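Here is a short report on a single protein chain. Keep the model open while reading.

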Amino acid sequence: MSVRMKRWGHMMQIYGGFIEFSRFYGSKVDFKKLRPMILKRIQDRANEFPVKPMVPVASQVLKSRMLLIHGVSTLLQFVPLLGCKFCHEVYIGELRGHLIQNCHGNIHRVKNQVHEWIIAGLNDILVPVETFHLDNMFQEVIKHDQRFDFDRIPAVVELCWQAGARQGDENIKMKTPNSGSVHSGVNQLESLSTEDLRHIANKTLKAWETLRSGVEKLLLVYPAKVCEYCSEVHIGPTGHKARNCGVFKYESWRGTHVWKKAGVDNLVPPKFVWCRRPQDPPVLLNGMQQFYGHAPAVVDLCWKAGAVVPTKYHCMMKVNGLSRAMNSS
């Protein structure tokens, strides 16, 4: 008995503080009384936004976005851009494309086939990501039957709008131009010299880096959500309830999204492409993928137009790597 008492006393010395200050949740909680308090706290939190130090960052992101769109549109008139007819593969360079057999787009096609190349446009590089435009970040959650009552605008523009950037409604509602509007201005653009083209490429690449770094800073302050199973993005602390998730459209979820925290790549997709370096063969061959490099489409486009690529992309692009032709020789 004395041994038990000693053990019990020793346990009380160790866990006594925890037992004293622990909370027991067995009692009933009246959520009807807590609901007004929670709603009041949400309303008070909305008064803290936008954060004033982040307003210049949001304005700079909007300016960089416009510079990026105009820069890529100009470069596409001098650098060929191809897209696969059956999948989302993009290639920048020769009009023959590459011979890497990784096409998996059409459900009726045999997988891992050679791509069928067609002329691509601006939206194939700057992938449009749209979201619902909200009056404020902490308004009521959008329900499924309200999905047509809200405008759809680019997610980056909505993020900057919630961050306090005010540059006119025409910039807020402006979407990424389609490929037709880009090719229609070919005859209107005067011929540029190599030096002018290099200047535009460097300016476009700088706008790309400023855009992504600015969005990364804004996401540290403002919440954004992305669906785990599709590319739907929502700017706000909670996602919407519109049941338009294609993955579970015919399942028991009835198209309900499964939300998680969004990152920079969800709002500004990099769209990686194969890079053809000077030491590579004229057409990239199948089976030699381990020798070739990758890069975001904007980076590869600016690089082929003469821009100086930041060193952080050199490893990804394998700038100084061997090609199959050099290795075999």
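## Overall picture

Of the 329 residues of the protein chain, 38% count as buried. The model is predicted. The chain holds 11 helices and 10 strands. Its accessible surface comes to about 20,100 Å². Carbon and sulfur atoms account for 55% of that surface. Among contacts between residues at least 6 apart in sequence, 69% join residues at least 24 apart.

## Nonpolar cores

In soluble globular proteins, nonpolar side chains tend to be buried together. The largest nonpolar core here has 61 residues. Which of them touch the most other members? They are Ile 125, Leu 126, Trp 208, Val 215, Leu 218 and Leu 267. Helix H7 (residues 194–219) gives the most to this core, with nine residues. A second, separate core has 12 residues, including Leu 82, Trp 117, Phe 291 and Tyr 292.

Ile 125 deserves a look. Leaving aside residues up to four places away in sequence, Ile 125 touches Val 72, Leu 76, Leu 81, Ile 92, Lys 271, Ala 297, Val 298 and Leu 301.

## Strand E1 and its partners

Leu 81, on the contact list of Ile 125, belongs to strand E1 (residues 81–84). Leu 81 and Gly 83 point one way from E1, while Leu 82 and Cys 84 point the other way. Are these four residues buried or exposed? All are buried.

E1 pairs with strand E2 (residues 90–92) in the antiparallel sense, over three bridges. A hairpin of five residues joins E1 to E2. Across this pair, Leu 82 stands opposite Tyr 91. E1 is also joined to strand E3 (residues 117–119) by three bridges, again antiparallel. There, Gly 83 has Ile 118 as its bridge partner.

## A three-strand sheet

Strands of a sheet pair through backbone hydrogen bonds, either parallel or antiparallel. One open sheet has three strands in the order E7-E6-E8, with antiparallel pairing. Strand E7 (233–235) and strand E8 (259–261) are the edge strands, and each pairs on one side only. Neighbouring strands of this sheet are turned by 35° against each other on average, direction ignored. Strand E6 (residues 224–227) pairs with E7 over three bridges. Val 226 has Val 233 in E7 as its bridge partner.

## Helix H4

How many residues of helix H4 (residues 155–162) are buried? Eight of its eight residues are, and the helix is mostly covered. The buried residues include Glu 158 and Gln 162, alongside Val 156, Val 157, Leu 159 and Trp 161. Gly 164 follows H4 and has a positive phi, near 105°.

## Two lysines with positive phi

Two residues other than glycine are set side by side below.

| Residue | Phi | Loop | Relative accessibility |
|---|---|---|---|
| Lys 271 | near 50° | between helix H8 (264–267) and strand E9 (272–275) | 19% |
| Lys 318 | about 55° | between helix H10 (314–317) and helix H11 (324–328) | 30% |

Why does Lys 271 count as buried? Buried means under 20% relative accessible area, and Lys 271 counts as buried because its relative accessibility is 19%. Lys 318 is partly exposed, because its relative accessible area is 30%. Lys 271 is also one of the residues that Ile 125 touches.

Terms used:
Residues numbered from 1 in each chain as written. Predicted model: local features only at pLDDT ≥ 70, side-chain atom pairs only at ≥ 80, totals over all residues. Heavy atoms only, no water. Buried < 20%, exposed > 50% of the residue type's maximum accessible area, 1.4 Å probe, protein only. Helix = DSSP H or I, 4+ residues; strand = E, 2+ residues; numbered from the N terminus. Core = buried A, V, L, I, M, F, W, Y, C linked by side-chain atoms within 4.5 Å. Contact = heavy atoms within 4.5 Å. Pairing = 2+ DSSP bridges. Axes fitted to C-alpha atoms, helices over the stretch in contact; angles between N-to-C directions. Areas by Shrake-Rupley, 256 points an atom, 1.4 Å probe, with all protein chains shown as cover.
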